[in-house]
Amino acid sequence: MKKKHAHGMIVNEKVGDVMATDNQKALKRKETLKAISEMCLLDDNLMTLVFDRNIEATELLLNIILQRSDLKVLEVVGQREYKNPMSGGRSITIDIYAVDGNDKVYDVEVQRAPEGADPHRARFHSSMVDTKMLKAGQEFKEIHDSYVIFITASDVMGAGHSLYHVNRIIEETGTHFGDGSHIIYVNGSYKDDNDPVGRLMHDFRCLSSVDMFYPVLAKQVKYFKETEGGQEIMGQLFEDLVAKWGEVRAKEIAEEIAEEMAEEMAEEMAEEMAEEKALEEKKASARRLIARGKLTLEEIAEDTDLSIEIVRDLAGLQLA
């Protein structure tokens with residue numbers, strides 16, 4: 001009976017473990033689906049998936065922002081990394097990297113937080129893109145035009161426009177400098193269904209594909225948000241991001257611990273050096289008092305705050 005009872009307990013425990021694991025998986029999937037349902041194209045993870053390798057969607061995006069209809073995209077890559085050649089220098093990962101038929105390069109970024117669209121960041125992105133433009137021996141005039149495009153959730157410039165074009169000008173003449181470097185801010189909060197930019201930004205804010213204007217965008221958003229296959233990709237992306245964040249955080253924690261240990265060791269060494277210096281000063285005072293011969297060794301030990309053993313050793317050395 002006891003064996004049977006024990007066996008039954010083991011079986012029940014295993015069943016309980018399986019049920020607990022299943023419940024955890026179900027809860028995790030529910031949380032993932034909720035997170036996916038709350039995403040829109042202003043979230044760089046979804047935006048990158050929608051536009052990565054998607055020439056048609058990228059052509060639509062760039063033609064609307066650049067107010068053209070003839071731009072042809074040859075290549076588009078999501079999450080392209082630009083490594084800084086300087087040792088210890090900061091690198092960047094571009095949300096969307098694209099090249100058109102005239103070899104012009106486009107860096108498209110989405111930023112929810114205003115601080116993410118700081119002008120200095122735009123300048124840095126522009127300079128990093130330029131570093132990949134020329135090969136050794138090429139003339140500087142061969143460098144292609146580049147466009148750094150920030151699509152921001154709010155109107156970071158605050159003037160109510162749909163687009164803000166940033167180009168260098170010669171102040172004295174008011175003419176364009178013509179270096180081929182362009183920065184464009186797109187106001188993600190802009191609303192005007194009669195304006196192509198307004199419709200595009202409407203689609204970027206949409207949580208559901210059925211509410212979107214542009215079919216090429218709606219199709220991709222529907223796949224990643226509303227189909228099992230797309231949701232699996234999104235779920236794996238979340239897991240990878242969590243794992244990457246964990247690695248980064250672990251490295252930060254290790255660096256923090258190492259820094260704290262180094263500070264503690266430095267403090268301990270400083271304290272030890274201070275104590276040794278104070279002891280040597282006390283010994284020097286004791287030697288002077290011993291040399292004068294006016295106090296007993298016990299009195300010298302008391303006056304210098306040294307142990308009687310140390311004072312006796314000093315006296316022995318001086319008398320030797």
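A salt bridge here is a side-chain nitrogen of Lys or Arg within 4 Å of a carboxyl oxygen of Asp or Glu. Keep that cut-off at hand for these exercises on a predicted model.

**Exercise 1.** Find out what surrounds K225, and which side chain of opposite charge is nearest to K225.

*Solution.* Start with the location: K225 belongs to helix 6, which spans residues 215–226. Next, look at its charge partners. K225 is buried, and the nearest side chain of opposite charge, E226, is 6.4 Å away. The limit is 4 Å, and K225 has no salt bridge. Now turn to the backbone: the K225 side chain reaches the backbone oxygen of I36 at 3.4 Å. Finally, list the contacts beyond four places in sequence; among them are I36, S37, E38, M39 and L207.

**Exercise 2.** Examine the salt bridge between E298 and R312, and say where in the chain each partner sits.

*Solution.* First, the distance: the closest N and O atoms of E298 and R312 are 3.9 Å apart, which falls within the 4 Å limit. Second, the placement: E298 is in helix 8 (residues 297–304) and R312 in helix 9 (residues 308–319), so the pair links distant parts of the chain, 14 residues apart. Third, the accessibility: E298 is partly exposed at 48%, and R312 is partly exposed at 46%. The structure holds eight such bridges.

**Exercise 3.** Which residues touch the most other members of the largest nonpolar core?

*Solution.* That core has 44 residues, and I151 and F204 touch the most other members. Then follow F204: beyond four places in sequence, its contacts include L41, F51, V110 and I151. Another core, of 10 residues, lies apart from this one, with A301 and L306 among its members.

Methods. Residues are numbered from 1 along each chain as its sequence is written. This is a predicted model: local features need pLDDT of at least 70, side-chain atom pairs count only at pLDDT 80 or more; totals for chains, interfaces and linings use all residues. Side-chain values use heavy atoms; hydrogens and water are left out. Helices (H or I, at least four residues) and strands (E, at least two) are DSSP runs, numbered from the N terminus. Buried means under 20% relative accessible area, exposed over 50%, partly exposed in between (1.4 Å probe, protein chains only). Lys and Arg count as positive and Asp and Glu as negative; His and the chain ends are not counted. A polar contact is a pair of N or O atoms within 3.5 Å; within protein, one must be able to donate a hydrogen and the other to accept it, and residues adjacent in sequence count only if both atoms are side-chain atoms. Contact means heavy atoms within 4.5 Å. A nonpolar core is a set of buried Ala, Val, Leu, Ile, Met, Phe, Trp, Tyr and Cys residues joined through side-chain atoms within 4.5 Å.
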